[in-house]
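Me: I would like a close look at one part of this protein, set in the context of the whole chain. Please give a connected account of it for a reader who works in computational chemistry.

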Amino acid sequence: MANAVSGKDIFQPIRRDDSGTKLSKEYFFQTLKPAIWVLLDKGVKVLVVTLGSEGVLVCSKAKFNLQRLAFKGNQSPYFSKQLYEAVSTVCPKDKSFGASMCKPMSNLFAVHFPALPASIVRLTGAGDCLVGGTIASLCAGLDVMQSIAVGIAAAKVVVEVESNVPDEYCLAKLADDARSVYSGATMLLCQSKL
């Protein structure tokens, strides 16, 4: 995406080596940071970067965007209300993710959300469920951070079944998994652009 937006072909995909060495979230972030800056500088408000088994990075130029971006009043009747209530009780909106340690002039915020341990059957559909769970949560009135946690929990469900998308979700289990992700989320970086 950064290549397309910048009009240049300067960013290369991250390649894993064949040694089986696990790459850290810090390695991914440092490697991707120049491309993240390009996208944020071009007007992307919130950037979600999936890291496979290392989880998800949520990046923004302003820490307040990360929690205040929600689609209020967009709730459809029954399921959205249940989703909102189940998740908001276990993932409180006021979590700082370590942002209080940021300098006042910081303009890059990156929060890392861990992946959940899973008994993987297949990976097909995981990204779709991450996006679908995140969007459904935003539409239910949850903020970006809560919604990403739900998206990761939804993705976990799909990798543990044979079908591309599970026939159904257990809302209590989804909320519990979202709580685990949300409570494990940490501020990875807050800095000024040099």
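Me: Please concentrate on helix 6, residues 144–159. How many of the residues of helix 6 are buried, and how much does helix 6 give to the lining of the largest pocket?

Reply: The account that follows rests on a predicted model. It begins with the chain, turns to the helix, and then follows the surroundings outward.

The protein chain holds 7 helices and 4 strands. Read from the N terminus, these elements follow the order α-α-β-β-α-α-β-α-α-α-β. Of the 194 residues in the chain, 39% count as buried. Contacts are often distant in sequence: among those between residues at least 6 apart, 75% join residues at least 24 apart.

Helix 6 covers residues 144–159, 16 residues in total. From its first C-alpha to its last it reaches 23 Å, close to the 22 Å expected at 1.5 Å a residue. Of these 16 residues, 15 are buried, so helix 6 is largely enclosed by the rest of the structure. The N-terminal end of helix 6 is capped by D143, which places a side-chain oxygen 3.0 Å from the backbone nitrogen of M145.

Within helix 6, K156 deserves a separate description. K156 has a relative accessible area of 12%, and because the cut-off for burial is under 20%, K156 counts as buried. Once neighbours within four places in sequence are set aside, the contacts of K156 are with L116, P117, A118, K173 and D177.

Two further residues relate helix 6 to other parts of the chain. The first to be considered is I135, which belongs to helix 5. I135 is partly exposed, at a relative accessible area of 46%. Its C-alpha lies 7.3 Å from that of S147, although 12 residues separate I135 and S147 in sequence. The other is V121, located in the loop between strand 3 (108–113) and helix 5. V121 is likewise described as partly exposed, with a relative accessible area of 40%. V121 and V158 stand 37 residues apart along the sequence, with 8.7 Å between their C-alpha atoms. Not counting residues up to four places away in sequence, V121 touches V159, E160, V161 and E162.

The largest pocket is the next element of the picture. Its volume is about 490 Å³. The lining comprises 18 residues, and those nearest the centre of this pocket are G52, S53, A115, A126 and V159. Two elements give two or more residues to this lining, namely helix 5 (126–139) and helix 6. Helix 6 gives the most, with 4 residues. By class, the lining has 12 nonpolar residues, 5 polar residues and 1 charged residue.

A residue elsewhere in the chain, E54, shows another set of contacts. E54 sits in the loop between strand 1 and strand 2. Its relative accessibility is 12%, so E54 counts as buried. With residues up to four places away in sequence left out, E54 touches K22, L23, S24, K25, F28, H112, F113 and A115. One of these, A115, is also among the residues that lie nearest the centre of the largest pocket.

Strand 2 (residues 56–60) contains C59. C59 is buried, with a relative accessible area of 0%. The C-alpha atoms of C59 and M187 are separated by 9.9 Å, with these positions 128 residues apart along the chain.

For comparison with the pocket at helix 6, the second largest pocket may be described in like terms. It holds about 380 Å³ of space. There are 16 residues in its lining, and M1, A2, F11, L32 and A35 are the closest to its centre. Helix 1 (2–6), helix 2 (25–41) and strand 1 (46–50) each supply at least two residues of that lining. Helix 2 provides the largest share, 5 residues. The lining of the second largest pocket divides into 12 nonpolar residues, 4 polar residues and no charged residues.

To return to the request: 15 of the 16 residues of helix 6 are buried, and helix 6 gives 4 residues to the lining of the largest pocket.

How values were computed:
Residues are numbered from 1 along each chain as its sequence is written. This is a predicted model: local features need pLDDT of at least 70, side-chain atom pairs count only at pLDDT 80 or more; totals for chains, interfaces and linings use all residues. Side-chain values use heavy atoms; hydrogens and water are left out. The expected span of a helix is 1.5 Å times one less than its number of residues. Buried means under 20% relative accessible area, exposed over 50%, partly exposed in between (1.4 Å probe, protein chains only). A polar contact is a pair of N or O atoms within 3.5 Å; within protein, one must be able to donate a hydrogen and the other to accept it, and residues adjacent in sequence count only if both atoms are side-chain atoms. On a 1 Å grid over the protein atoms alone, a cavity is a set of points where a 1.4 Å probe fits but cannot get out, and a pocket is an open set with protein on both sides within 12 Å along at least five of seven lines; lining residues have an atom within 4 Å of a point. Grid points are joined across faces, edges and corners, and a volume is the space filled by probe spheres set on the points. Ala, Val, Leu, Ile, Met, Phe, Trp, Tyr, Cys and Pro count as nonpolar, Asp, Glu, Lys and Arg as charged, and the others, Gly among them, as polar. Contact means heavy atoms within 4.5 Å.
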